[in-house]
Amino acid sequence: MSDKPSKVTTATLRAMKAQQRRITALTAYDHLFAGLLDEAGVDVLLVGDSVATVVQGRDTTVPVTMDQMVYHCELVARGARRALVVGDLPFLSYQVSIEDALRNAGRMLKEGLAEAVKLEGGVEFAPTVQRLVQAGIPVMGHLGLTPQSIHQFGSYRARGQDDAERQRLIDDARALEQAGAFAIVLEKVPADCGRAVTAAVGVPTIGIGAGPHTDGQILVTPDLLGLFTKFRPRFVRRYRELAKDIGEAVRSYCQDVQQGTFPGPDESY
Ligand code: KIV
């Protein structure tokens, strides 16, 4: 009998929604972490364009390039055995034309070895989603706070806070579903809005700061582990304080080297 865990696919996620089993998702950017997260049983690994802020040290997700996303995606895909690997399409890789979107999403699968792509936006991107799906590329939508549009909105405030915005989100989610998206990330919206959007569509919603009623949850892994400490959105639950642990470990190492206690006899040949 094979010890290979059964692969998570877009069909698995649909079945999980139907069976009311919550979906777990986390971001990953490299092979090492992809393996750890996959082994721990996470259902979806998103190679997020948050790589720009948490790995590249940039202020927003806007500057990360298609080549860089493909690179990170390939590292993650080779580290994941069970989880569904989703590659984030970066800013300007799908907004200029549907042909561009198809070419870039195709690269994410062909070179980045992703099994699906994610893009930000609603009704206005439904034709793009439809074209990608027609070409055999599974698409995850992303609504609510859409960080690639930060310069247009000017703030990271929660979205969907009034009736009009909430209705727009429902319309966007329905348009994405109709276009063939297999799941929708819902970022930073009130919990009742998360519930309303989730009830309005048949595809799974995966929330980040969208309350407990979505079909799944996603967090940025360095946030959850306390590795990224520049700022902490209210929706983050930190399960560890690894930045602190790393600081302590490295200080101990430096001290041991400086005092001549490392390497010891057991660590020498
Ligand atoms: O890039 C990212 O990490 C994301 C998640 C916040 C959903 O899009």
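In this predicted model, the second largest pocket has a volume of about 450 Å³. Its lining is made up of 22 residues. Those closest to the centre of this pocket are Gly121, Glu124, Gly144, Thr146 and Phe153. Three elements each supply at least two residues of the lining: β5 (139–144), α7 (150–153) and α8 (163–179). Of the elements, α8 gives the most, with four residues. By class, the lining of the second largest pocket has ten polar residues, six nonpolar and six charged.

The largest pocket has a volume of about 540 Å³. It is lined by 28 residues, and the closest to its centre are Ser50, Thr53, Pro147, Glu187 and Val220. Two helices or strands early in the list of contributors are α3 (51–54) and β4 (116–120), each giving two or more residues to this lining. The strands β6 (183–187) and β8 (216–219) also give two or more residues each. The class make-up of the largest pocket is 14 nonpolar, six polar and eight charged residues.

The ligand sits in the largest pocket. Its surroundings can be listed along the chain. Thr27, Leu46, Gly48, Asp49, Ser50 and Asp88 are among the residues around the ligand. Lys118, His142, Val185, Glu187, Ile208 and Val220 also belong to this shell. By class, the shell is evenly split, with four nonpolar, four polar and four charged residues. Ser50, Glu187 and Val220 appear in the shell, and these residues are also among the closest to the centre of the largest pocket.

Three side chains place polar atoms by oxygen atoms of the ligand. For Ser50, an N or O atom of the side chain is 2.5 Å from a ligand oxygen. For Asp49, a polar side-chain atom lies 2.9 Å from an oxygen atom of the ligand. For Lys118, the corresponding distance to a ligand oxygen is 3.0 Å. On its own, the ligand has 260 Å² of accessible area, and the protein covers 95% of that area.

Two features of the backbone were also noted. Most residues other than glycine have a negative phi, and most peptide bonds are trans. Gln20 is not a glycine, yet its phi is positive, at about 55°. Gln20 is found in the loop between α1 (10–18) and β1 (23–27). The second feature is a peptide bond. Phe262 and Pro263 are joined by a cis peptide bond, with omega at about -5°. Pro263 lies in the segment after α11 (242–259).

How values were computed: Residues numbered from 1 in each chain as written. Predicted model: local features only at pLDDT ≥ 70, side-chain atom pairs only at ≥ 80, totals over all residues. Heavy atoms only, no water. Near = heavy atom within 4 Å. Polar contact = N/O pair within 3.5 Å; in protein donor to acceptor, adjacent residues only side chain to side chain. Areas by Shrake-Rupley, 256 points an atom, 1.4 Å probe, with all protein chains shown as cover. 1 Å grid on protein atoms, 1.4 Å probe; cavity = no way out; pocket = protein on both sides within 12 Å on 5 of 7 lines; lining within 4 Å. Sits in = over half its atoms within 2 Å of the grid points. Nonpolar A, V, L, I, M, F, W, Y, C, P; charged D, E, K, R; others polar. Points joined across faces, edges and corners; volume = space filled by probe spheres on them.
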